[in-house]
Amino acid sequence: RTLDLDIIDFGGQVIESEELQLPHPRAIERAFVMAPWAQVDPEAETSGLSVRELAIRLSDDIRPVGALR
């Protein structure tokens with residue numbers, strides 16, 4: 001695979017096919033997705049949930065680049 005691109009959300013569309021599932025099914029579980037998204041669009045929602053609130057809930061999962069757990 002030359003490029004692996006995960007589309008998280010596209011204008012709130014819901015798509016379920018073999019090639020594409022929107023919103024991304026595991027995005028709401030990933031702090032590294034929710035935190036930057038909340039910074040650029042704090043009013044955004046995905047899967048009926050507030051991106052900002054999800055980022056806050058997941059904030060303990062974020063660590064600086066290069067940090068070891």
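Does Phe10 count as buried or exposed, and at what relative accessibility? In this predicted model, Phe10 has a relative accessibility of 52% and therefore counts as exposed, since that value lies over the 50% cut-off. Phe10 belongs to the segment that precedes strand E1 (15-16), and together with Leu3, Leu5 and Ile7 it forms a nonpolar surface patch of about 450 Å².

The chain as a whole contains two helices and four strands, which follow one another from the N terminus in the order β-β-α-β-β-α. Its overall values are gathered below.

| Property of the protein chain | Value |
|---|---|
| Buried share of the 69 residues | 23% |
| Accessible surface | about 5,600 Å² |
| Share of the accessible surface belonging to carbon and sulfur atoms | 51% |
| Share of contacts with a separation of 6 or more that join residues 24 or more positions apart | 24% |

Turning to the interior, the largest nonpolar core comprises 11 residues, namely Ala27, Ala31, Val33, Met34, Trp37, Ala38, Ala44, Val51, Leu54, Ala55 and Leu58. Helix H1 (31-40) and helix H2 (51-58) each contribute at least two residues to this core, and the largest share, five residues, is supplied by H1.

Val51, a member of this core, is in contact with Met34, Trp37, Ala38, Ala44, Glu45 and Thr46 when its neighbours within four places in sequence are left aside. Among these partners, Met34, Trp37, Ala38 and Ala44 are also listed in the core.

Definitions and conventions:
Residues are numbered from 1 along each chain as its sequence is written. This is a predicted model: local features need pLDDT of at least 70, side-chain atom pairs count only at pLDDT 80 or more; totals for chains, interfaces and linings use all residues. Side-chain values use heavy atoms; hydrogens and water are left out. A nonpolar core is a set of buried Ala, Val, Leu, Ile, Met, Phe, Trp, Tyr and Cys residues joined through side-chain atoms within 4.5 Å. Buried means under 20% relative accessible area, exposed over 50%, partly exposed in between (1.4 Å probe, protein chains only). Contact means heavy atoms within 4.5 Å. Accessible areas come from the Shrake-Rupley method with a 1.4 Å probe; for residues, only the protein chains shown count as cover. Patches are made of residues with over 30% relative accessible area and no salt bridge: like charges are joined within 9 Å, nonpolar side chains (Val, Leu, Ile, Met, Phe, Trp, Tyr) within 5 Å. A salt bridge is a side-chain nitrogen of Lys or Arg within 4 Å of a carboxyl oxygen of Asp or Glu.
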